[in-house]
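User: I'd like to talk through the empty spaces and the helix packing in this model. Could you take me through them?

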Amino acid sequence: RAPAASSSRTVAREQAFHDPIHVPAGAWARARGAFALMALAGLALCGLGFALDRDQFFFSWITSLLFFLSLSLGALFFVMVQHLARAGWSVAVRRLAEAAAWTVPVFALLFLPVLAGLDRLFPWTDAEAAAHDHLLQGKRGYLNAPFFVLRAAVYFAVWTLLARYFHRTSVAQDASRDPRLTVVMQRRAAPGMIAYAVTVTFMAFDWIMSMDPHWYSTIFGVYVWAGSVLAAYGLLTLTGRALTGAGYLRAVFRVDHVQDLGRLLFAFTVFWAYIAFSQFFLIWYGNIPEETIWYLHRAQGSWKTVSVVLMVGHFAVPFVLLMSRFTKRRPAFVAAMAAWILGMHYLDLHWLILPNLRHDGFALHWLDLASLLGIGGVFLLVYSHRLAAAALVPTGDPRLSESLALEHVS
């Protein structure tokens, strides 16, 4: 490629959004109406399900809640790690992640039904059963309702503060054009990442692993985190594709950015599979009954089929199809793989949580779909609002020109 031609294209891209790119008021009115209808219909069905089958309601609710919350938390990780790495390529898509991360506060409200169903979700809340269980007696200093609620409040407070800080500082930089804010965000990302790692790890222990309080795995937090980050990359890919199709990011979100997101999807597919296998292999090799029982529940009946589907669908399919540079430079194909990965991520969470209720085997209940519809509608409403509330591209970031000039030659 001729350097002069490449330079002229870069200038054209910079001029294309000399004025910050905003979604015009009312442009998403129809989409938001659909999201609101989704939320209302789903929440109404969940209310009916609560009256008819409370056990199923609470398990379906927490599964869908964790699915959409994981997208927000994965996006928050993306924002902080880009600052830590001083990354330039990702600046053009970082605002999308900032908006997704800034949906965290709404999940604090959506978590209230979980608190109402503690006695149905978590066996350790049964005082009579715990009194006859030596293991639960030994864990009662940690596994008790007041401390559980306090930890949940701390998790949401940390995530909200981090999401709010990076989004608002980035938006403020659009107005001030102060390059020092980039350095400040980079410095704040380091302790922020530590706080993030601790809270997400213990969230996985508290909200998923303690549903089976006799089982434990020190790698479980990493497993849940890896799936969350992978799913968030899928969300960013689909959002970028949708906004490009609508004409807002056509000069910004280009095939080179799609290729890099495809690389991240491929890399975290491998990482997720590595962590999943490592956890399974160490427990299989140790062959300790209190550790293997968790996998035994997922290796019987139709849950065994789901386990095989996850191995193939969550790892083998994206691994093979995203390996090639050719496929990663096809935006429609990468978007399709992103949607596939999001589906596998939900199935993975379903596989982690629902065997605690349905020991006999896998079956999708209508409340699973209702809770996805209700919580998903709320998430999309808030996410679209965050996207429309600020420029879609952080024009004040000094590395934006580097992101615009991104051009892979191999």
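User: How do the residues of the lining of the largest cavity divide into nonpolar, polar and charged?
Analyst: In this predicted model, the lining of the largest cavity has 7 nonpolar and 3 polar residues, with no charged ones. The residues concerned are Leu66, Leu69, Ser70, Leu73, Met203, Ile208, Val224, Ser228, His345 and Leu349.

User: Which helix gives the most to that lining?
Analyst: That is α3, with 4 residues, although α12 and α17 (331–353) also supply at least two residues each.

User: And how much space lies in that cavity?
Analyst: The largest cavity holds about 60 Å³ of space, and the count of cavities of 30 Å³ or more comes to 4.

User: Switching to pockets, what volume does the largest one have?
Analyst: The volume of the largest pocket is about 470 Å³. Its lining comprises 17 residues, and those that lie nearest its centre are Phe280, Tyr295, Ser307, Met311 and Trp351.

User: Which elements supply at least two residues of that lining, and what classes are in it?
Analyst: Both α13 (255–286) and α15 (301–321) supply at least two residues each, and the lining as a whole divides into 13 nonpolar, 2 polar and 2 charged residues.

User: What about the second largest pocket, which residues lie nearest its centre?
Analyst: Phe35, Thr239, Ala242, Leu380 and Tyr383 lie nearest the centre of the second largest pocket, out of 18 residues that line it. Two or more lining residues come from each of α2 (29–52), α3 (54–84), α12 (220–245) and α18 (366–389). About 370 Å³ of space lies in this pocket, and its lining has 16 nonpolar and 2 polar residues but no charged ones.

User: Since α12 has come up, how do the axes of α4 and α12 cross?
Analyst: The axes of α4 (residues 91–101) and α12 come within 10 Å and cross at roughly 115 degrees, and the crossing is right-handed.

User: Which residues meet there?
Analyst: On the α4 side they are Leu96, Ala97 and Ala100, which meet Leu235, Leu236, Thr239, Gly240 and Leu243 in α12. By class, this contact has 6 nonpolar and 2 polar residues, and no charged residues. Thr239, which takes part in this contact, is also one of the residues that lie nearest the centre of the second largest pocket.

Note on methods: Residues are numbered from 1 along each chain as its sequence is written. This is a predicted model: local features need pLDDT of at least 70, side-chain atom pairs count only at pLDDT 80 or more; totals for chains, interfaces and linings use all residues. Side-chain values use heavy atoms; hydrogens and water are left out. On a 1 Å grid over the protein atoms alone, a cavity is a set of points where a 1.4 Å probe fits but cannot get out, and a pocket is an open set with protein on both sides within 12 Å along at least five of seven lines; lining residues have an atom within 4 Å of a point. Grid points are joined across faces, edges and corners, and a volume is the space filled by probe spheres set on the points. Ala, Val, Leu, Ile, Met, Phe, Trp, Tyr, Cys and Pro count as nonpolar, Asp, Glu, Lys and Arg as charged, and the others, Gly among them, as polar. Axes are lines fitted to C-alpha atoms, for helices over the stretch in contact, and angles run from 0 to 180 degrees between N-to-C directions. A crossing is left-handed if the near helix is turned anticlockwise from the far one by less than a right angle, and right-handed if clockwise. Contact means heavy atoms within 4.5 Å.
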